[in-house]
Every structure is written in C-alpha cells, then in structure tokens.
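Here are some short exercises to work through at your own pace. Keep the sequence and the 3D view open, try each task, and then compare your steps with the solution.

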Amino acid sequence: MMTEKGGKYRMDIGFVITYLLCPIIVSVGLITGKRTGDHHQLLTAYAFKGMFYFYSAAANLIHFINQSHTERDIIGLAIGLAIIEGTNGIMEAKTAALEWAKEQEKNSASNLFTAKAGGGMVEISINGNSEVVDLKIDDSLLEDKDSLQILLISCMNDIIKQSEENKKRMAMS
C-alpha cells in the first residue's frame, strides 16, 4: 500500500512483495518452464499465478469498502480483472497438468517389461500400456499342458506386477 508521510509517498514491504516481487517470480517461472519444457515448473507457476490474482482480488475487495464511488469503480475493475486472471491461471495449471500426464503416458508406452518363468522356459514381454508384445515358450513344454499353464500363470503375474509398479512410480514422479 502506498502511504503519504511528510508530503512524500512511500511503499510498505507488503506492497513491494505482493505487487512487484510475486509477478516477477511467476514470470521467471513461466519463462524458464516454457524454455525447458518442465511441466512441473509450469504447473507450479500457473497455480501460483492463479492464487496470486485471487489474493489480489481479496485484498482489493477489503480496500474497496472504505473508498469513494470513483475509487470503487476503479478498484471494482481491478477486482474483476484479478478474478479473471486468477481463473486463467488455474485453468492454465490444469492444462499444464493434462499435457504432463499425456507426455508421461506416451513415455510409458515405450517401456518394455519382461518376465521369465521355469528358468526361461516361458518368457513374456509387455509394453508400458500392458499390451503383450512377445511370448516365448520352450518347445519341451508343448507336450506338458499342466506345467505350461503353471509357468504361464506365474510369468503373467510377475509381468503384471512389474507394470503396476512402473505405473505407481510414474504417478509419484
């Protein structure tokens, strides 16, 4: 807030931090996030931008009550713009999160997992989308249906666990 003291205007530290430093931090985060393609940084910067503008609208609303009609018009416009920008920031954060999720899904599809059972007599490979891409069965198992079934079940359970663990790791990162 700007206050008059001894005929000179001075800014308090809250005003400097709120209206000068925070937008600079958001801008730097957005610029570096876009340059590097870092979805986490973009998501954080967009969310911070949205919260900053919502805070700005609330702060102006409190200030709005004690002002004259002319000042209320200007402050009302500032509040409206802050709410719009806050909403835009949150929507941009949502978009950044969706883009990041699509990228993670695309990267996940290129992963390949392999499980073996029976000392390598049965081998199954799947991709990150849990689609079977390869199945190898030793010829000696073709005559022993029971052993083949047991080894296939064991191998399939192992590969499903690997795929689920990978999906959990991807969700946590």
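The exercises below go from the whole chain to single residues, and the model they use is a predicted one.

**Exercise 1. The whole chain**

Work out how many helices and strands the chain has, and in what order they come.

Solution. Start by counting: the secondary structure comes to four helices and five strands. Then walk along the sequence, where the elements follow the pattern β-β-α-α-α-β-β-β-α. Next, look at burial: 25% of the 173 residues count as buried. The exposed surface of the chain is about 11800 Å², and carbon and sulfur atoms supply 62% of that area. Finally, turn to contacts: among those with a separation of 6 or more, 50% are between residues 24 or more positions apart.

**Exercise 2. A hairpin**

Find the partner strand of E3 and describe how the two are joined.

Solution. First locate strand E3 at residues 112–117. Its partner is strand E4, residues 122–127; the two run antiparallel and are joined by six bridges. For one example of a bridge, take Lys116, whose partner in E4 is Glu123. Now look at the connection: E3 and E4 make a hairpin with four residues between them. In that turn, Gly118 has a positive phi of about 65 degrees. Last, sort the residues of E3 by face. Phe113, Ala115 and Ala117 are on the covered face, while Leu112, Thr114 and Lys116 are on the uncovered one.

**Exercise 3. A nonpolar patch**

Identify which residues form the nonpolar patch on the surface, and which helix gives the most to it.

Solution. Begin with the members: Leu21, Ile25, Phe48, Met51, Phe54, Ile83 and Ile90. Together they have about 600 Å² of accessible area. Then assign them to helices: H1 (13–36), H2 (39–64) and H3 (69–109) each supply at least two residues of the patch. H2 gives the most, with three residues. As a check on one member, pick Phe48, which lies in helix H2. Phe48 counts as partly exposed because its relative accessibility is 32%, and partly exposed covers the range between 20% and 50%.

**Exercise 4. An aromatic pair**

Find the one aromatic pair in the structure and decide whether it is stacked or edge-to-face.

Solution. The structure holds one such pair, and its two members are Phe52 and Tyr53. Their ring centres are 5.2 Å apart, with 65 degrees between the planes. An angle over 60 degrees counts as edge-to-face, so this pair is edge-to-face. Now compare the cover of each ring residue. Phe52 is buried, at a relative accessible area of 10%, whereas Tyr53 is partly exposed at 26%. Phe52 is in helix H2. To place Phe52 further, go to Val26, which is 26 residues away along the chain; the C-alpha atoms of the two are separated by 9.1 Å.

**Exercise 5. A serine in a helix**

Is Ser56 buried or exposed, and which residues does it touch?

Solution. Ser56 is another residue to find in helix H2. Its relative accessible area is 6%, so Ser56 counts as buried. For its contacts, leave out residues up to four places away in sequence; Ser56 then touches Tyr19 and Ala82.

Conventions. Residues are numbered from 1 along each chain as its sequence is written. This is a predicted model: local features need pLDDT of at least 70, side-chain atom pairs count only at pLDDT 80 or more; totals for chains, interfaces and linings use all residues. Side-chain values use heavy atoms; hydrogens and water are left out. Buried means under 20% relative accessible area, exposed over 50%, partly exposed in between (1.4 Å probe, protein chains only). Two strands pair if DSSP finds at least two bridges between them. Patches are made of residues with over 30% relative accessible area and no salt bridge: like charges are joined within 9 Å, nonpolar side chains (Val, Leu, Ile, Met, Phe, Trp, Tyr) within 5 Å. Accessible areas come from the Shrake-Rupley method with a 1.4 Å probe; for residues, only the protein chains shown count as cover. A salt bridge is a side-chain nitrogen of Lys or Arg within 4 Å of a carboxyl oxygen of Asp or Glu. Rings of Phe, Tyr and Trp (its six-membered ring) pair if their centres lie within 6.5 Å; planes under 30 degrees apart count as stacked, over 60 as edge-to-face and the rest as tilted. Contact means heavy atoms within 4.5 Å.
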